[in-house]
Amino acid sequence: MSPFRPRRGWVVAFSLLAALMLSLVPIPTWATLARPEWVMLVLIYWCLALPHRIGIGTAWGMGLLMDAATGTLLGQHALAFALVAYITLNLYMRIRLFTLWQQALSILALVFIEQMLVLWITGMTHQIPWRWGYLLPTLTSMLLWPPIYLVLRNLRRTLRVT
Amino acid sequence: MVKAAITPEQMKPLFARGPYTTLRLLVFVLLALALMTFDHRQHRLDSVRQALSLLIYPVQYSVDLPFRVSAWIADSFSSHTHLLRENAELRSESLVQGAQLHKLNSLENENARLRELLQSSAKVGKQTRVAELLAVDLDPFRREVIINKGSVHGVVPGLPLIDAHGLMGQIIHVSPVSSIALLITDPSHAVPVQVERNGLRTLVIGTGISDRLDIPYVPTDADIQVGDLLVTSGLGGRFPPDYPVAKVVSVEHDPGLTFAMIRAEPTARMEHNREVLLVLSGPAQAEPAQPAVLPGDTPAAKVTSP
């Protein structure tokens, strides 16, 4: 039995890069509030699928890139992503067994935590008028979980990412 | 997550992270907190931010690329008649502007003469530089844009950003090849302005909505009307004076309140521009001692009060 060796990390990197680009693509102003948390979703998927490789460190790094790309306070998304990755790593065995819609519900909770953290930090450092619309990304992220999950799982299986 | 056939190579360690997950989280959380504190309180992380921006610039550029290409295609395939029409329009516009420029020249000469008589120093002409916006969405909670000019092109934090119709915002972060500008519609942005008609000085504050600005500190009995043009007053030294900022769209007097409720809309075409102008010279650049914009409070409001 050969020892475990991680393979095809570029698939993970590529999907994360694609997610980052999706969170930067310009969309109409009315839709910006509802933009799903692409990077967070892809990170959660890889934390569930490859918890021995993708975890708090990767999430933190992606968060930092996200901060630099969107011009937010450095460390803001890093903190939120790292915390959600930690929760996911602790629950991945359970979440894996859920049906797709049960999974989507746990995604709702996870993205809600991430959004709240980001909103708290933004609220502490800037003046932002509260709108209920700020909770929209949580909903859209939940709705997008099933397709993202299926696509990434397909990718992982056909390319045998480990 | 059911595996069809598990080869030994695919076998993963049973436990994800071992006993150190919590410790790792703690370390990374502390690191993030330290970063945020330094970034927010002291602006010590500009070099880190610059390095990261440089790293992320290819991503932003490639996001922008399809839009650039489609604009280019639309340009190269636009019809002959369309081009002719556009050409004619531009020609007539340039004629009108040329005439106005002549008038302006003579006025400027006259102005200089009068200033000499008054023995006050003449204003230096403003240098501008054209920059292009990148079609990249930033933080949805804030009104910011990213432009394709950076410190290599002489951009420094605090430079005003304008378009042909008025003031758009100011630069807040600079990296070597790109920079981020805060728009005047951001809730944390304030511009010292005066009413062009009568010189009444006040502040214009962003609301976070792209076509609305607030003017919160005007007493109910002050002379300000719907349709008034607000121009930068130049107080505070960050923005050059007499650039149009906004037009008043509604004035409400509530006798129970100290201040009138006044709404204005920016004259700059915030959502429609691709090319913008950076005003390079000016008092803001001559005084590097002025602090950079502190996120969290209204930058201009600190310097001057209405």
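In this predicted model, chain A has a mean pLDDT of 88, and 96% of its residues reach a value of 70 or more. Within chain A, confidence is lowest in helix α2(A), where the mean is 76, and highest in α3(A), where the mean is 93. As a general caution, predicted coordinates should not be read in detail where pLDDT is low.

Chain A contains seven helices and zero strands, so that its elements, followed from the N terminus on, run α-α-α-α-α-α-α. Of the 162 residues in chain A, 44% are buried. When contacts in chain A are restricted to those between residues at least 6 apart in sequence, 69% of them join residues that are at least 24 apart.

The largest nonpolar core comprises 103 residues, and the members that touch the most other members are Leu43(A), Phe81(A), Ala82(A) and Val204(B). Helix α3 of chain A, which spans residues 38–49, supplies the largest share of this core, with twelve residues. When the neighbours of Leu43(A) within four places in sequence are left aside, Leu43(A) is in contact with Ala59(A), Met62(A), Phe81(A) and Ala85(A). Phe81(A) thus appears both among the core residues that touch the most other members and among these contacts of Leu43(A).

Phe81(A) also serves as a point of reference for Gly61(A), a residue placed in helix α4 of chain A, which covers residues 56–70. Gly61(A) and Phe81(A) are separated by 20 residues in sequence, while their C-alpha atoms are 8.9 Å apart in space. Gly61(A) is classed as partly exposed because 15 other C-beta atoms lie within 10 Å, a count that falls between the limit of 12 or fewer for an exposed residue and that of 20 or more for a buried residue.

The contact between the two chains takes 47 residues from chain A and 47 residues from chain B. On the side of chain A that touches chain B, the elements that give two or more residues are α1 (9–22), α2 (29–32), α4, α5 (76–97) and α6 (100–125) of chain A. Among these elements, α5(A) gives the most to this side, with nine residues. By residue type, the side of chain A that touches chain B divides into 29 nonpolar, 15 polar and three charged residues. Helix α4, in which Gly61(A) is placed, is likewise one of the elements that give two or more residues to the side of chain A touching chain B.

Definitions and conventions: Residues numbered from 1 in each chain as written. Chains lettered and ligands numbered in written order. Predicted model: local features only at pLDDT ≥ 70, side-chain atom pairs only at ≥ 80, totals over all residues. Helix = DSSP H or I, 4+ residues; strand = E, 2+ residues; numbered from the N terminus. Contact = placed C-beta atoms within 7 Å. Nonpolar A, V, L, I, M, F, W, Y, C, P; charged D, E, K, R; others polar. Core = buried A, V, L, I, M, F, W, Y, C linked by C-beta atoms within 7 Å. pLDDT = per-residue confidence, 0-100.
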